[in-house]
2 protein chains.
Amino acid sequence: MLTIVGIGPGEPGGMTLEAYQCLERCDCIVGYHVYADLVRVIFPDKEYYTTPMTQEVERCLWAIEQADAGREVALVCSGDSGVYGMAGLVCELAGDRTALEILPGVTAACSGAAVLGAPLAHDFAVISLSDRLTPWEQIERRLAAAAAGDFVICLYNPASKGRPDHLRRACDILLASGMEEDRICGVVHNIGREGQSRQVMTLAGLREYEADMFTTVYIGSRMTRRIGERMVTSRGYRKVPAGRCEN
Amino acid sequence: MLTIVGIGPGEPGGMTLEAYQCLERCDCIVGYHVYADLVRVIFPDKEYYTTPMTQEVERCLWAIEQADAGREVALVCSGDSGVYGMAGLVCELAGDRTALEILPGVTAACSGAAVLGAPLAHDFAVISLSDRLTPWEQIERRLAAAAAGDFVICLYNPASKGRPDHLRRACDILLASGMEEDRICGVVHNIGREGQSRQVMTLAGLREYEADMFTTVYIGSRMTRRIGERMVTSRGYRKVPAGRCEN
């Protein structure tokens with residue numbers, strides 16, 4: 001049996017009970033080394049098989065082979081197992097022979113939103129700025145479409161060593177789409193891990209922000225406000241009593 | 001202290017450990033009666049305060065008042081606490097006096113996706129078809145924008161008693177936007193609860209599907225395929241060995 005497990009941000013408290021129980025039960029844990037190391041702290045006595053970034057296919061094939069050989073294998077993904085996770089690739093690679101189970105987890109869009117307040121309280125779009133597997137032109141088209149639809153936008157992979165300027169380029173596309181410079185935005189760094197930090201800012205500020213691969217970015221819709229230190233998108237409950245809302 | 005808790009689909013296994021511990025610890029559990037009843041099965045001896053749909057403001061104000069009076073209150077939301085949940089409304093209603101914590105949960109987009117396979121493996125948009133708090137014209141604009149951006153689309157609240165034809169109208173907008181009739185779509189009913197079911201179908205089939213308020217709907221992007229019984233969006237790993245992928 002192969003189970004693809006979304007582990008949430010990484011601490012046990014952010015895992016679902018069934019994810020935790022699956023990791024406790026399995027023979028072998030497979031994953032990208034950064035995520036596997038988060039799990040190793042909790043389950044130090046398991047067998048681990050880890051590979052670096054760009055070795056996703058090899059990692060999934062190894063997990064499938066082990067499961068086909070009769071072992072209980074858990075393939076761990078940070079956040080959710082499906083959202084930019086390995087569930088898709090495993091479904092593509094696995095034949096009918098492999099018994100597969102997919103356990104969802106709390107994806108960074110949701111765990112980061114909880115740190116900021118409630119930016120995702122209304123319709124939203126999730127876009128990865130990584131052009132490792134997606135042409136940059138398609139990422140640009142999606143940014144423009146999300147702005148046109150007035151979605152709250154959550155950005156994954158806003159930067160990495162090879163692409164430090166992707167967030168600035170994304171902000172420029174949003175500004176060119178007519179989004180105002182003082183649109184409320186937010187960032188969360190190291191969600192649910194040591195050194196977690198958050199910041200609410202404007203789109204102009206976000207354009208200058210130095211993100212890295214552990215940053216999740218939120219760009220508000222027209223219904224998003226700063227309330228104290230929080231970033232909140234109103235769902236439009238019409239009966240909110242006047243005077244109780246700060247914005 | 002007031003904690004807004006995303007409980008996931010409803011079974012304890014789908015809750016995070018910290019959500020479970022919060023419910024175990026609190027004095028009083030507040031929620032929409034359908035979700036509170038899911039929790040009551042697990043924690044039958046707690047005090048409960050429930051209100052029906054449309055009573056969200058009253059429910060949140062009651063929770064805030066109890067917390068301000070010094071009680072440990074958990075306000076439960078199905079799925080995530082932020083995604084169409086109560087976190088936003090509480091942030092709007094609570095003053096500086098209230099100590100607030102927001103615990104995220106597995107939202108239906110992710111838990112339903114895990115049942116179908118991996119439809120959300122690439123960029124996606126989440127749209128609610130409920131026009132209770134959002135003008136229908138805005139929902140139409142977002143559907144058209146999501147189609148233009150070639151997002152995978154996940155629909156919440158595809159139908160209810162008062163609006164049985166919203167899903168059909170949404171499909172018509174997508175078709176009018178140029179989406180092909182055989183675009184791969186999927187539905188999951190009663191995610192993570194008794195009687196859970198799933199179905200992979202085309203957009204033409206989805207147009208005829210009778211959804212209810214316990215259905216979550218997925219409309220694939222151009223990169224979405226049916227693989228066996230599963231709905232999978234390819235992230236485009238270029239090194240997938242030929243012959244190992246069924247589509």
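The following exchange goes through the contact between the two chains, the sheet of chain B and the helix pairs of a predicted model.

Colleague: How many residues does each chain give to the contact, and which helix of chain A gives the most to its side?
Modeller: In this predicted model, the contact takes 65 residues from chain A and 65 residues from chain B. On the side of chain A that touches chain B, six residues come from the helix that gives the most, and that helix is α4 (residues 87–93) of chain A.

Colleague: How does the side of chain A that touches chain B divide by class, and how many of its residues are nonpolar?
Modeller: Counted by class, the side of chain A that touches chain B has 12 charged and 18 polar residues. The remaining class on that side is the nonpolar one, with 35 residues.

Colleague: What relation holds between chain A and chain B when one is superposed on the other?
Modeller: Chain A is superposed on chain B by a rotation of 180° with 0.0 Å of shift along its axis, and the RMSD is 0.0 Å. A rotation of that kind is the relation of a two-fold axis.

Colleague: Why can the copies be said to meet through the same surface?
Modeller: The argument rests on comparing the interface residues of the two chains. Of the interface residues of chain A, those that are also interface residues in chain B make up 100%, so the copies meet through the same surface.

Colleague: Which strands are joined between the chains, and which residue of chain B stands opposite A:Phe124?
Modeller: Strand β7 (residues 124–128) of chain A and strand β7 (residues 124–128) of chain B run antiparallel and are joined by three bridges. Within this pairing, the residue of β7(B) that stands opposite A:Phe124 is B:Val126.

Colleague: Which strands stand at the edges of the five-stranded sheet of chain B?
Modeller: The sheet of chain B is open, its pairing is parallel, and its five strands follow the order β3-β2-β4-β1-β5. From one strand to the next the twist averages 20°. Two strands of chain B have a single partner strand each, so one side of each is left without a neighbour in the sheet, and these edge strands are β3 (47–51) and β5 (100–103).

Colleague: What is the bridge partner of B:Thr3 in β5(B)?
Modeller: Strand β1 (residues 2–6) of chain B runs parallel to β5(B), and four bridges join the two. In β5(B), the bridge partner of B:Thr3 is B:Glu101.

Colleague: At what angle to β1(B) does helix α1 of chain B run?
Modeller: Helix α1 (residues 17–25) of chain B lies across four strands of that chain, namely β1, β2 (28–32), β4 (73–77) and β5. Relative to β1(B), the helix runs at about 135°.

Colleague: How are α6(B) and α7(B) oriented to each other, and what is the handedness of their crossing?
Modeller: The axes of helix α6 (residues 136–148) and helix α7 (residues 166–176) of chain B come within 9 Å and cross at roughly 45°. The two helices are therefore oblique to each other, and their crossing is right-handed.

Colleague: Which residues of α7(B) make the contact with α6(B)?
Modeller: By class, the residues of this contact are six nonpolar, no polar and one charged. From α6(B) the contact takes B:Glu140, B:Leu143, B:Ala144 and B:Ala147, while from α7(B) it takes B:Ala170, B:Ile173 and B:Leu174.

Terms used
Residues numbered from 1 in each chain as written. Chains lettered and ligands numbered in written order. Predicted model: local features only at pLDDT ≥ 70, side-chain atom pairs only at ≥ 80, totals over all residues. Contact = placed C-beta atoms within 7 Å. Nonpolar A, V, L, I, M, F, W, Y, C, P; charged D, E, K, R; others polar. Pairing = 2+ DSSP bridges. Least-squares fit on C-alpha atoms with pLDDT ≥ 70 in both. Axes fitted to C-alpha atoms, helices over the stretch in contact; angles between N-to-C directions. Parallel < 35°, antiparallel > 145°, perpendicular 65-115°, else oblique. Left-handed = near helix turned anticlockwise from the far one by under 90°.
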